[in-house]
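Colleague: Before I rely on the labels attached to this model, I would like to hear which value stands behind each of them. Could we take them one at a time?

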Amino acid sequence: MIYENAPAKINLTLDTLFKRSDGYHEVEMIMTTVDLYDRLTLEKRKDKRIVLKIEHRYVPNDHRNLAYKAAQLMMERYDLKQGVTITLDKTIPIAAGLAGGSSDAAATFRGMNRLFNLGLSLDTLAELSSEIGSDIPFCVHGKTTLCKGRGEVLEHLPKPPACWVVLAKPEISVSTQEVYGALDLTAPHDVIDNARCKAAIESGDYQEMIQSLGNRLEPVTIEMHPVIQMLKDTMMKAGADAAMMSGSGPTVYGLAAKERQAKGIVNALKGCCKEVYMVRMLG
């Protein structure tokens, strides 16, 4: 039996450069992990089936689930003679911009590698994982990373300056495909300065890092769901050092250097958002 944690991610930056010939958008973004986890248990089976056990009515337990796809790809690629039972304990909100599904898949790749003693490197697993999802290579490593291409070209960075992270997930779900479909690449927008954010992380400069946050998709999602702007405003009024939407949304995070700040933000969000988490940056 193998245990794996699957941490959530947040975007410190997210820029979309152009639409590629393969239909994806060329992105450049810095992501890191936070200590909000899904937990997976993997056990060998005597047959060759993949059984995904999960108690969540909105999460499929078949080939539509990225963890199932990861197990299937590992079994086919490495000609495994036994199946696997994966028990998935969900904590990360779904359709939230926190890469919960991608992180579950990444944990499955790592877990299958250990369960079947395949001896594969994380780089090999990351390359394999890019076949089923753009965020999964980042999640395989779980480090702070500058991601390019579709998200699969990785440059690992140091751990970000220590801080508290307050996550607020409103009671809506956002389609990443819909957000990218509504993105106008020719429209004026704030500059997303990945180089500035990278330099701040490398030098451990918290103040510089929070001033360099940016997300090209944020205005698009806010136009669809104004509650995101409301959550950002609430966090800033409550003393957050910075507030930003993660990924394509709808989760908003606030950063705070001190624990009492973070607790103040959590208190301010009570009554306007049910899913609120106070966590630490991992990276």
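Modeller: Let us start with pairing: two strands are said to pair if DSSP finds at least two bridges between them. The model is a predicted one, and in it S9 and S10 are joined by four bridges and run antiparallel, so they meet the requirement of at least two. Within that pairing, Met245 stands opposite Val252 in S10.

Colleague: What makes S9 and S10 a hairpin, and which residue in the turn has a positive phi?

Modeller: Six residues lie between the two strands of this hairpin, and in the turn Gly247 has a positive phi of about 60°.

Colleague: Why are strand S9 and strand S11 called edge strands?

Modeller: The open sheet has four strands in the order S9-S10-S7-S11, with antiparallel pairing. Strand S9 (242-245) and strand S11 (275-280) are its edges, as each of them pairs on one side only. On average, with direction ignored, neighbouring strands of this sheet are turned by 20° against each other.

Colleague: How many bridges join S7 to S10, and over how many bridges do S7 and S11 pair?

Modeller: S7 and S10 are joined by five bridges and run antiparallel, while strand S7 (residues 164-169) pairs with S11 over six, again in the antiparallel sense. Both counts satisfy the requirement of at least two bridges, so both are pairings. Ala168 illustrates the position of S7, since this residue stands opposite Val252 in S10 and opposite Val276 in S11. Elsewhere along S7, Trp164 stands opposite Ala256 in S10, and Lys169 opposite Glu275 in S11.

Colleague: Why is S7 described as largely enclosed by the rest of the structure?

Modeller: A residue is called buried when its relative accessible area is under 20%. Six of the six residues of S7 are buried, so the strand is largely enclosed by the rest of the structure. Burial holds in both directions, with Trp164, Val166 and Ala168 pointing one way from S7 and Val165, Leu167 and Lys169 the other way.

Colleague: What makes S10 covered on both faces?

Modeller: Val252, Gly254 and Ala256 are buried on one side, and Tyr253 and Leu255 are buried on the other. Five of the five residues of S10 are therefore buried, and this strand too is largely enclosed by the rest of the structure.

Colleague: How do you know which residues of H10 line one face of the helix?

Modeller: The buried residues of H10 are Gln261, Ala262, Ile265, Val266 and Leu269. Seen down the helix axis, they fall within an arc of 140°, so they line one face. What covers them includes S7, helix H9 (227-237), S10 and S11. Helix H10 (residues 259-269) lies across S7, strand S10 (252-256) and S11, and runs at about 10° to S7.

Colleague: Where do the buried and exposed residues of H3 lie?

Modeller: In helix H3 (residues 122-129), Leu125, Ala126, Leu128 and Ser129 are buried. Their arc down the axis is 165°, so they line one face of the helix. Asp123 and Glu127 are exposed on the face turned away from that buried side. Helix H1 (66-77), helix H2 (100-115) and helix H4 (136-141) are among what covers the buried residues of H3.

Colleague: Why is the charged end of Arg280 said to sit over the ring of Trp164?

Modeller: The charged end of Arg280 is 4.4 Å from the centre of the Trp164 ring, and the distance cut-off is 6 Å, with a further limit of 35 degrees from the ring normal. As for rings facing rings, the structure holds zero aromatic pairs.

Colleague: Why is Tyr24 called neither buried nor exposed?

Modeller: Its relative accessible area is 42%, and since buried means under 20% and exposed over 50%, the residue falls in between and is called partly exposed. Tyr24 is found in the loop between strand S1 (2-19) and strand S2 (25-44). Leaving aside neighbours within four places in sequence, Tyr24 is in contact with Phe18, Lys19, Ser134 and Arg150. Between Tyr24 and Ser134 the C-alpha to C-alpha distance is 9.6 Å, and the two are 110 residues apart in sequence.

Technical notes
Residues are numbered from 1 along each chain as its sequence is written. This is a predicted model: local features need pLDDT of at least 70, side-chain atom pairs count only at pLDDT 80 or more; totals for chains, interfaces and linings use all residues. Side-chain values use heavy atoms; hydrogens and water are left out. Rings of Phe, Tyr and Trp (its six-membered ring) pair if their centres lie within 6.5 Å; planes under 30 degrees apart count as stacked, over 60 as edge-to-face and the rest as tilted. Buried means under 20% relative accessible area, exposed over 50%, partly exposed in between (1.4 Å probe, protein chains only). The arc is that of the directions from the helix axis to the C-beta atoms. Contact means heavy atoms within 4.5 Å. Axes are lines fitted to C-alpha atoms, for helices over the stretch in contact, and angles run from 0 to 180 degrees between N-to-C directions.
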